[in-house]
Each structure stands twice: as structure tokens, then as C-alpha cells.
Amino acid sequence: MKLGPEFFHRDCLEVAPELVGKILVRRLPEGGEIRLRITETECYRGEEDTACHARFGRTKRAGVLYRESGTLYVYLCYGIHWLLNIVTGEVDVPQAVLIRACEGFPGPGRLTKRLGIDGSFNGLSINSCPCLWVEDDGQRFRIIPDRRVGIDYASEEDRNRLWRFKAADRL
DNA sequence: TTAGTGATATCC
DNA sequence: GATATCACTAAA
């Protein structure tokens with residue numbers, strides 16, 4: 001069944017590990033549906049998190065992170081890859097969960113490429129978008145926490161946080 | 001290991 | 001206006 005707004009309206013530290021194992025569903029404009037199980041997420045949490053895009057405050061790009069939970073935050077990385085995040089928690093508290101990987105698509109850039117997700121999705125809500133949502137099929141997985149990747153610029157404290165969550169064996 | 005790619009934040 | 005930086009990937 002489809003995850004409702006209440007699922008995302010919590011702290012990203014709760015949402016990120018729970019999102020692992022859920023099914024990301026994309027309805028394509030040309031017809032057809034892609035269903036992929038989420039295998040890896042990361043949490044970016046607040047202006048205090050020196051790895052988070054909101055570390056400079058409410059900039060033009062990071063402004064989306066301050067919006068209501070369920071808002072999609074899609075931005076271009078390294079000039080090539082679109083990365084998909086879902087905003088979580090309260091309005092005006094900037095935090096989000098990055099969908100890092102799904103089954104068969106190990107990497108946030110490859111994932112969005114497969115799903116046909118680009119900057120035009122930025123600011124849409126996963127709660128109202130007819131072409132993208134998340135479902136729970138009841139399947140549960142053991143979760144392995146790990147350090148986040150690609151954030152060398154962050155403080156040592158933040159680099160060491162175990163805010164990446166990977167699916168391991170089926171429970 | 002390295003190039004490729006372009007938006008963003010920050011400095012003038 | 002300029003430039004350094006970047007939540008990555010594919011090819012070698």
C-alpha cells in the first residue's frame with residue numbers, strides 16, 4: 001500500500017532507515033510503471049549538519065528543504081547527475097532523505113536516469129504527484145547503518161555520523 | 001585514476 | 001563577474 005503524508009512527516013532519522021526496503025513507483029509519461037525496491041538511503045539533517053545543503057541557511061537552492069514534508073528536492077550534481085531527495089519533518093526545519101540506490105541501480109545518478117527524474121520534479125510533492133510514489137509491500141530487511149559518502153567537506157563529527165542506511169538480508 | 005559537466009555559493 | 005567546489009559515473 002502507498003505511504004501517506006504521515007510517513008514523511010517525521011524526523012529524517014526515522015524516515016531514512018524505514019524507507020529502505022520500500023518500493024519506489026514511477027509512472028512514466030510514455031506509459032508503463034517502474035517499480036524498484038529502495039536499497040540505500042541517506043539522511044541530511046538541519047543547518048547544523050555541515051554535510052547538508054542547508055548548512056548555509058535558506059539559499060535559493062536549499063530553500064526547498066524548508067518546505068513541508070513530502071516535497072521532492074531534486075538537484076544537479078557534478079553537472080551531470082540528478083539526485084532525488086524527499087523532504088521530511090516540520091516546515092521550516094530543513095531536512096531530507098536522499099534515495100541513494102534501488103535494486104539494480106547502485107547509485108543516485110543512475111537511479112534518476114532510469115526513472116526519468118530531473119530538475120522539473122524539484123518542489124513537487126510525493127503526496128500529490130500522480131507519477132511518483134512509495135509503497136510498502138510488507139517485506140522487511142535488516143538495516144546496516146554506515147557513514148555517508150561524498151561529504152569530505154563536512155566536519156569530522158558530521159562525516160562520522162552513521163546516517164546512511166543499507167538493506168541487508170531479508171527478515 | 002581521471003575526465004566530464006554545469007549549477008551554486010562565495011569572493012571580489 | 002569570476003572561480004572553486006561539488007550528496008557522481010563510466011571508462012581505463
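**Exercise 1.** In this predicted model, find which base atom of DNA strand B pairs with a polar backbone atom of Gly79, and then look for other polar contacts to this strand.

*Solution.* Start at Gly79: a polar backbone atom here sits 3.4 Å from a base nitrogen of DNA strand B. Next, go to Tyr78, where a polar backbone atom is 2.7 Å from a base oxygen of the strand. Then turn to the phosphates: Thr59 places a polar side-chain atom 2.6 Å from a phosphate oxygen of DNA strand B.

**Exercise 2.** Describe the protein surface near DNA strand B by residue and by class.

*Solution.* First list the residues around the strand: Phe56, Thr59, Arg61, Tyr78, Gly79, Ile80 and His81. Now sort them: three are nonpolar, three polar and one charged. Finally, look at the DNA side: 65% of the strand B atoms within 4 Å of the protein belong to sugar or phosphate, and the rest to bases.

**Exercise 3.** Work out which residues come nearest to DNA strand C, and which polar contacts the strand makes.

*Solution.* Begin with the 19 residues around DNA strand C; His81, Asn85, Gly109, Gly150 and Tyr153 come nearest. Of the strand C atoms that come within 4 Å of the protein, sugar and phosphate make up 63%. For a contact to a base, check Tyr75, with a polar side-chain atom 3.2 Å from a base nitrogen of DNA strand C. For phosphate oxygens of this strand, try the backbone: Gly107 has an N or O atom at 3.4 Å from one, and Arg110 has a polar backbone atom at 3.3 Å from one. Last, sort the surface near DNA strand C by class: eleven nonpolar, six polar and two charged residues.

How values were computed:
Residues are numbered from 1 along each chain as its sequence is written. Chains are lettered from A and ligands numbered from 1 in the order in which they are written. This is a predicted model: local features need pLDDT of at least 70, side-chain atom pairs count only at pLDDT 80 or more; totals for chains, interfaces and linings use all residues. Side-chain values use heavy atoms; hydrogens and water are left out. A residue is near a molecule or strand if one of its heavy atoms lies within 4 Å of it. A polar contact is a pair of N or O atoms within 3.5 Å; within protein, one must be able to donate a hydrogen and the other to accept it, and residues adjacent in sequence count only if both atoms are side-chain atoms. Ala, Val, Leu, Ile, Met, Phe, Trp, Tyr, Cys and Pro count as nonpolar, Asp, Glu, Lys and Arg as charged, and the others, Gly among them, as polar.
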